[in-house]
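Student: I have a chain to study and would like to go through it by question and answer. Can we begin once it is on the page?

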Amino acid sequence: MTAVLGPTNTGKTFLAVERMLGHSSGMIGFPLRLLARENYDRIVALKGARAVALVTGEEKIVPPSARYFVCTVESMPLDRRVSFLAIDEVQLAADPERGHIFTDRLLHARGLEETMFLGADTIRPLLRRLVPEARYESRPRFSTLTYTGPKKLTRLPRRSAVVAFSAADVYAMAELIRRQRGGAAVVLGALSPRTRNAQVAMYQAGEVDYLVATDAIGMGLNMDVDHVAFAELAKFDGRRPRRLTAAEIGQIAGRAGRHMNDGSFGTTADAGEIAPETVEGVENHRFEALTNLYWRNRDLSFRSVEGLLRDLDARPPDRALIRMRDADDHLALAALARDPEILKLAQGPAAVRLLWEVSQIPDFRKILTEAHTRLLAQVFRHLMRPAGVLPEEWVARQVERLNDDQGDIDTLTQRISHIRTWTYIAHRGDWLTDSGGWQDRARAIEDRLSDALHDRLMQRFVDRRQAVLQRRLKEGGPLLAAVTREDDVVVEGQFVGRLEGFRFAPEAADAEARAVLAAARRAVAETLPSRLRSLEEEPDSAFALNRDGKLSWRGAPVARLSAGPSALQPKIEPLPAEFLEAAGREQLRLRLERFLAAELRRDLGALMRLADGVEETGAGRGLVYRLQESLGTLRREDAEDLLGAIDRTMRRRLTKLGLRIGREHLWVSGALSPAAVRTRALLWSLQAQQPAPDLPKAGRKLMPAQPLLPADFYRAIGYRRAGAHAFRVDAYEALAEAVHGLGRQGPFAATAQLKSLAGGGAPLASALVALGARAEPQPETGGITHYRLRPRPFPDQRRRKGARNRPESPFAALSGLWSGR
């Protein structure tokens, strides 16, 4: 009997497997199903599948001719005699949850020819006491382990494992690493072995450079970790929060540096420093020896439930052993024993033994809830029926309700825990009619849920794009980059940004990857000539004029408008673009000029066509010039001099082209459409160097007036401001004509027709003031207000009066204010 003791990374497991395969038969027990599966695959590769068996609580592969059994410690079939037997990580006999099982194997599991215990040197004194016949072999660590102190999470070196002790902390740190470094693999005890394998494989393949885990990584998971960082130095051990022991820190930190590669360990900045004496112990692999191991009586009587519970509470035979009090199966049995119906059924040794076997069904959630106890009670009741097996229909309902791969990480984790319990039950061949079929069904559901959970973890904690790029950067060599037809910029097939017009917009996460950005910029620069050719050949439909005065190509801004020599001739300024040189900028500007000319002619064609109907010089040309400068609307008093100089022939020609001459304004009828109003507003804002104000809803003839806006804005868009309202000029002129028609006959009332033309009573009141009407209450008609138009002078007389410093009366001042002049 040999005890091979030493720190991590000493080749203990390799030695045991090698020794086992030198015998005709053998069995080795591992602390984790994951480790059992990993070593099973190794041995199958050496000896063939027919010679090797895998036995865990949830998976049994036992060929008829199997000679070598790879097991979890709990599932070792000790009734099978083998030449060689080994137990891995024997120091776990001191674990408060599973220690009694390891202690039982230490005391009772033996090979016919050779027995080997593998573990930490801390168990040596207790082994000498409890297994005095053992001889000892010490193995030094292949590599050194060095303490490097605290580091910020975002400054940890690549190939680091960060260790925390709660799922919430693991998830929070993984999310931070994703944002800062591209992503992290996640390993927790609550994950299924398949999900854990997928996460570890992702890390091992270099798809991510960081691993965030609980202390589950401390149990022999072989990974290429260079540095272990502790995010916490305390944990809740199932009973109370406590500080990590030096041996626990050493076990976890030992994952850093595999075989001959040296490793390092430290903490994250929030965890603080590790005590110097602890650091010295970890670096030199010197830890306090274990003083006690957990033990539970294995000589159980099944005559009664009460007798079984007494046997489980039996005192240990040695002071070095501590009686196991709160094992999950013991607690489950005690809970079932409080059910009178269960106690009534559990009569006789066979029934009591069955109740004990049912109590050992694991709750992989590790919380032993009342729901789990109810499940155990249901299983026991079904098995105690005459058929002696679980009903197929009931099992189907329990299993199929878990066959749902939708939900978040926590939901999928809970479902996997439940289905693992059913996988365990399915491996009890005497409990089910079709045990093999249910094993396959439970495993298929667990695999489906595990794959879905792996995908959720990837979506939440891994930026696949950045992970692929980081791997290629580590490999070295030139990076392949291109620009797609959709203007996506890709490097090594991964999206790294967009080409917006002629500007490269990289993803923020790639800001530190200079090689990636250099490759992307090179690809963008190479596409520039063909991109300019495409710009020239594109139809006008590929361009757009935006309300903010920017010109877009394929949806991306490429230039902006600014004030030009006239309102209808704004300047085009290409936007800054690192890849566009002077010749390219001029080519862009000329193409946009053609587009803008077509756009203005489409929206304001009626205004532009006025120039086609007049001579190069003369009053007609002057009138058209003023109309175009004012974007299509003039106060009549500002054009009276030119109107007087135009003969009837010219007036008819301009009218035919769309010019309308009203009492108060001149306007172009075809320049009042919603599109024309939008374009006129934009052109006004460019000349005024002000943001474009809110516009009326399409087709509306009335809108609220903003008092801080100048009156010429409303005229520029084809409206007339009157008090708190702005009327579209054609509507205002129609109202003015009606008012003057009534006013010529004397005082008049606000008729329904006038209100309809004005859009309501309040707008009518504003318009009447602007038109110079004076309100005159009429007591003889019951107080109904009548209006009287004041005589208004001709435009030249009004200009002379407007030049006076003061109005003739307060009412005249009020009239000027409301009329917007």
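Student: Where is the place of E89 in the chain?

Tutor: This is a predicted model, and E89 has a phi near 55 degrees, a positive value in a residue other than glycine. Its neighbouring elements are β6 (84-87) and α3 (99-108). The place of E89 is in the loop between β6 and α3.

Student: Does E89 count as buried or exposed?

Tutor: The cut-off for buried is under 20% relative accessible area. E89 has 9% relative accessibility, so E89 counts as buried.

Student: What is the relative accessible area of D487, and where is D487?

Tutor: D487 also has a positive phi, near 70 degrees, in a residue other than glycine. D487 is in the loop between β19 (481-483) and β20 (488-491). D487 is buried, and its relative accessible area is 7%.

Student: Which residues is T146 in contact with, leaving aside its neighbours within four places in sequence?

Tutor: T146 is found in strand β9, residues 145-151. With a relative accessible area of 39%, T146 is partly exposed. Leaving aside neighbours within four places in sequence, the contacts of T146 are G263, S264, F265 and E283.

Student: What separates the C-alpha atoms of T146 and A396?

Tutor: Along the chain, T146 and A396 are 250 residues apart. In space, their C-alpha atoms are separated by 54 Å.

Student: What should the twelve residues of helix α6 span, and how far apart are its end C-alpha atoms?

Tutor: Helix α6 covers residues 193-204, and at 1.5 Å a residue it should span 16 Å. The end C-alpha atoms agree with that, as they are 16 Å apart.

Student: Which residues of α6 are buried, and which residue just after α6 takes a positive phi?

Tutor: The buried residues of α6 are P193, T195, R196, Q199, V200, M202 and Y203. Just after α6, a positive phi of about 85 degrees is taken by G206.

Student: How many bridges join strand β24 to strand β25, and which residue in their hairpin takes a positive phi?

Tutor: Strand β24 (residues 550-553) and strand β25 (residues 556-566) run antiparallel and are joined by four bridges. One bridge pairs S552 with P557 in β25. The hairpin has two residues between the strands, and the residue with a positive phi, near 55 degrees, is R554.

Student: Over how many bridges does β25 pair with strand β26?

Tutor: β25 and β26 form a hairpin with two residues between them. Within this pair, A559 stands opposite P574 in β26. Strand β26 covers residues 569-574, and its antiparallel pairing with β25 runs over five bridges.

Student: Which residue in β32 is the bridge partner of A722?

Tutor: A722 belongs to strand β31 (residues 719-722), where Y719 and R721 point one way and R720 and A722 the other way, and all are buried. β31 pairs in the antiparallel sense with strand β32 (residues 725-728), over four bridges. The two strands form a hairpin, and G723 in its turn has a positive phi of about 65 degrees. In β32, the bridge partner of A722 is H725.

Student: How many of the 15 residues of α25 are buried?

Tutor: Helix α25 takes in residues 729-743 and reaches 20 Å from its first C-alpha to its last, close to the 21 Å expected. Its buried residues include V729, Y732, L735 and H740. The helix is largely enclosed by the rest of the structure because the number of its residues that are buried is eleven.

Student: Which residues touch the most other members of the largest nonpolar core?

Tutor: In soluble globular proteins, nonpolar side chains tend to be buried together. The largest nonpolar core here has 73 residues, and those that touch the most other members are F502, L623 and L654.

Student: Which helix gives the largest share of this core?

Tutor: The largest share is nine residues. They come from helix α19, residues 582-609.

Student: What radius of gyration does the chain have, and what would a compact globule have?

Tutor: The C-alpha trace spans about 130 × 70 × 50 Å along its principal axes. A compact globule of 821 residues would have a radius of gyration near 28 Å, but for the chain the value is 44 Å.

Key: Residues are numbered from 1 along each chain as its sequence is written. This is a predicted model: local features need pLDDT of at least 70, side-chain atom pairs count only at pLDDT 80 or more; totals for chains, interfaces and linings use all residues. Side-chain values use heavy atoms; hydrogens and water are left out. Buried means under 20% relative accessible area, exposed over 50%, partly exposed in between (1.4 Å probe, protein chains only). Two strands pair if DSSP finds at least two bridges between them. The expected span of a helix is 1.5 Å times one less than its number of residues. A nonpolar core is a set of buried Ala, Val, Leu, Ile, Met, Phe, Trp, Tyr and Cys residues joined through side-chain atoms within 4.5 Å. The radius of gyration is taken over C-alpha atoms; the globule rule is 2.2 Å times the number of residues to the power 0.38. Contact means heavy atoms within 4.5 Å.
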